[in-house]
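Visitor: Here is the model I would like to discuss. Could you take my questions one at a time?

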Amino acid sequence: MRKVLALFAFLSLGANLLAQNNYEVDFYIHEDENDTIYLTSFRGGINEISDSALRQKDGSFHFSLVDYPQGMYMLKDSQKRDMFSFLLDKSNKFSIEIYNTGEAFVKGCADNDAYMLYQYENRKVQEAMYYYRLDAQKEPDKKDSLYAEVKAKMDKFEKFQDDFFATYPNNFISVVYKGMNQTVPTRFLENNRTVKKGMEAEYTYFMRKHYWDYFDFTDMRTFYSPYFIKQFNNYITDLTNQIADSVCVAIDDFVQIADQRKGGEYADYIIGWYLSNMPRMPFSYNEIVYIHMVNKYLDRAARYLLPSDVEIHKQYANKISRFLPGKLMPNLVLPDFEGKTHKLYSLTNKFTVVYFFSSTCESCKKNIEVLKDLYATNKEYYDVEIFAVDLDEDYAMAKARQQAEPFPWIVTYSEVENLRPYGFILDHTPELYVLDKDKRIINKTPMYEHIEKTLDAVLKQEQQGK
């Protein structure tokens with residue numbers, strides 16, 4: 001599928017510019033043999049290497065960072081493996097000396113001094129929990145006593161954490177923690193803090209509506225860290241019904257909340273992400289969301305896009321809108337490998353699967369058995385027919401394969417260009433459409449296992465309607 005050229009720059013407006021500074025930072029990493037280390041920066045969901053440093057004569061690594069936004073950064077070793085994270089914040093010149101035990105000594109930066117302390121205490125309790133799980137497996141009869149030990153450490157860390165947040169309310173980790181934790185009304189919870197049976201839907205609705213209550217949209221440090229995108233992904237996947245309409249409403253709610261609370265950069269990033277990535281996900285569900293984003297937010301996104309990119313979005317959205325659920329599939333009229341012409345509309349089955357594939361496509365080969373099983377075991381049950389279109393560029397090879405191992409369903413052949421008059425955008429395989437008796441699209445997917453789920457859902461809906 002065409003990759004739409006909608007990559008937002010987000011180099012930014014207003015608040016971001018105020019948060020960018022120049023930094024001089026030295027790192028002393030004990031018991032480390034790397035001659036080169038790399039600096040990784042975060043921006044929304046993007047994690048990329050932005051600088052590197054060579055070991056100095058005194059063993060240190062020095063970074064001179066110009067116009068860097070405040071936020072969380074990661075050092076990586078010469079093999080690009082994570083070493084440790086630190087902050088760029090209010091202090092412009094500082095040094096960090098770190099040991100392989102995780103202990104760190106910071107000079108010139110109170111924010112990092114507190115942050116490193118929190119990370120050190122957190123790492124200790126995480127290691128204790130890890131070893132508890134291992135030891136409990138080895139000695140299950142000691143599980144209770146082992147848990148008592150680790151529970152004491154967890155309680156101690158919880159007390160440390162409460163004191164930390166009270167002492168350093170504006171530290172990056174305090175702001176992140178506050179933004180990622182919501183107060184759950186007790187009416188939803190059992191004594192063990194699990195959600196009460198029968199209240200799952202109401203709990204999820206409440207949590208989604210109040211999910212961003214404590215998130216500080218004016219603090220861009222969270223944007224320049226891995227935490228914002230993790231929090232958004234939880235909101236859009238775990239707390240939102242995975243149907244297109246619900247996802248669209250959840251995105252709209254988020255954008256409205258972010259705008260109201262002076263978090264336009266956060267909203268713009270999410271708009272840009274969906275415009276950039278959704279066209280690459282060939283499912284009806286994703287395409288509905290993408291068209292919603294184009295229709296509602298493309299004018300806003302135009303501030304960051306080239307005019308040609310805006311036009312690409314408009315044209316692409318118009319093309320794929322013809323093949324969304326509820327739309328009529330064009331009447332394909334195509335020849336098979338013996339020269340016989342087949343018309344899609346001549347099929348009278350309750351369901352039709354239109355299957356675009358290529359003889360040499362590896363994912364098509366890998367999953368073809370699913371279609372064979374469907375056809376062999378459930379063709380009559382579902383009253384389904386398969387109308388396949390081989391798009392292989394090598395006609396002779398495709399014909400030889402079909403003759404050597406013929407599929408039991410209708411197999412036609414077409415070059416991709418010959419399908420463009422029908423309106424198809426087919427520069428990938430496989431692609432599957434599930435149609436009803438009137439040849440209206442029920443679902444579009446590249447995944448074979450979704451076919452029976454789609455058919456079962458329709459049959460269930462029909463039964464409920466009786």
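Visitor: Which residue does L39 stand opposite in strand 5?

Guide: Strand 2 (residues 36-43) and strand 5 (residues 71-76) are antiparallel partners joined by four bridges. Pairing requires that DSSP find at least two bridges between two strands; strands (E, at least two residues) and helices (H or I, at least four) are DSSP runs, numbered from the N terminus. In strand 5, the residue opposite L39 is L75.

Visitor: What pLDDT must side-chain atom pairs have in order to count?

Guide: Residues are numbered from 1 along each chain as its sequence is written, and side-chain values use heavy atoms, leaving out hydrogens and water. This is a predicted model: local features need pLDDT of at least 70, totals for chains, interfaces and linings use all residues, and side-chain atom pairs count only at pLDDT 80 or more.

Visitor: Which residue of strand 6 stands opposite K76?

Guide: Strand 5 and strand 6 pair in the antiparallel sense over six bridges. They form a hairpin with five residues between them, and K80 in the turn has a positive phi of about 65 degrees. On the strand 2 side, K76 stands opposite Y38. In strand 6, K76 faces D82.

Visitor: Which strands stand at the edges of the four-stranded sheet?

Guide: This open sheet has the order 3-2-5-6, with antiparallel pairing. Two of its strands have a single partner strand each, so one side of each is left without a neighbour in the sheet: strand 3 (46-54) and strand 6 (82-88).

Visitor: How many residues of strand 5 are buried?

Guide: A residue is buried under 20% relative accessible area, exposed over 50% and partly exposed in between (1.4 Å probe, protein chains only). Helix 2 (residues 110-138) lies across strand 5 and strand 6, at about 145 degrees to strand 6. Strand 5 is mostly covered, and its buried residues number six of six.

Visitor: Are helix 7 and helix 9 roughly parallel or roughly antiparallel to each other?

Guide: Helix 7 (residues 244-260) and helix 9 pack with their axes 8 Å apart, at an angle of about 30 degrees. The axes are lines fitted to C-alpha atoms, for helices over the stretch in contact, and angles between N-to-C directions run from 0 to 180 degrees. Under 35 degrees counts as roughly parallel, over 145 as roughly antiparallel, 65 to 115 as roughly perpendicular and the rest as oblique. Helix 7 and helix 9 are therefore roughly parallel.

Visitor: How many residues in the contact of helix 7 with helix 9 are nonpolar?

Guide: Helix 7 contributes residues including V247, I251 and V255, and helix 9 residues including I288, V289 and M293, to this contact, where contact means heavy atoms within 4.5 Å. Ala, Val, Leu, Ile, Met, Phe, Trp, Tyr, Cys and Pro count as nonpolar, Asp, Glu, Lys and Arg as charged, and the others, Gly among them, as polar. Four residues of this contact are charged, one is polar, and the nonpolar ones number 10.

Visitor: Is the crossing of helix 9 and helix 10 left-handed or right-handed?

Guide: The axes of helix 9 (residues 284-301) and helix 10 (residues 307-320) come within 10 Å and cross at roughly 135 degrees. The two helices are therefore oblique to each other. A crossing is left-handed if the near helix is turned anticlockwise from the far one by less than a right angle, and right-handed if clockwise. The crossing of helix 9 and helix 10 is left-handed.

Visitor: Which residue of strand 13 does V389 stand opposite?

Guide: The five-stranded open sheet has the order 13-12-11-14-15, with mixed pairing. Strand 12 (residues 384-390) and strand 13 run parallel, joined by four bridges. Within strand 13, V389 stands opposite T412.

Visitor: Is K439 buried or exposed?

Guide: Most residues other than glycine have a negative phi, and most peptide bonds are trans. K439 is not a glycine, yet has a positive phi of about 70 degrees; its place is the loop between strand 14 (431-435) and strand 15. With a relative accessible area of 3%, K439 is buried.

Visitor: What is the relative accessible area of K262?

Guide: K262 is another residue with a positive phi, about 60 degrees, although not a glycine. It lies in the loop between helix 7 and helix 8 (264-277). K262 is exposed, with a relative accessible area of 69%.
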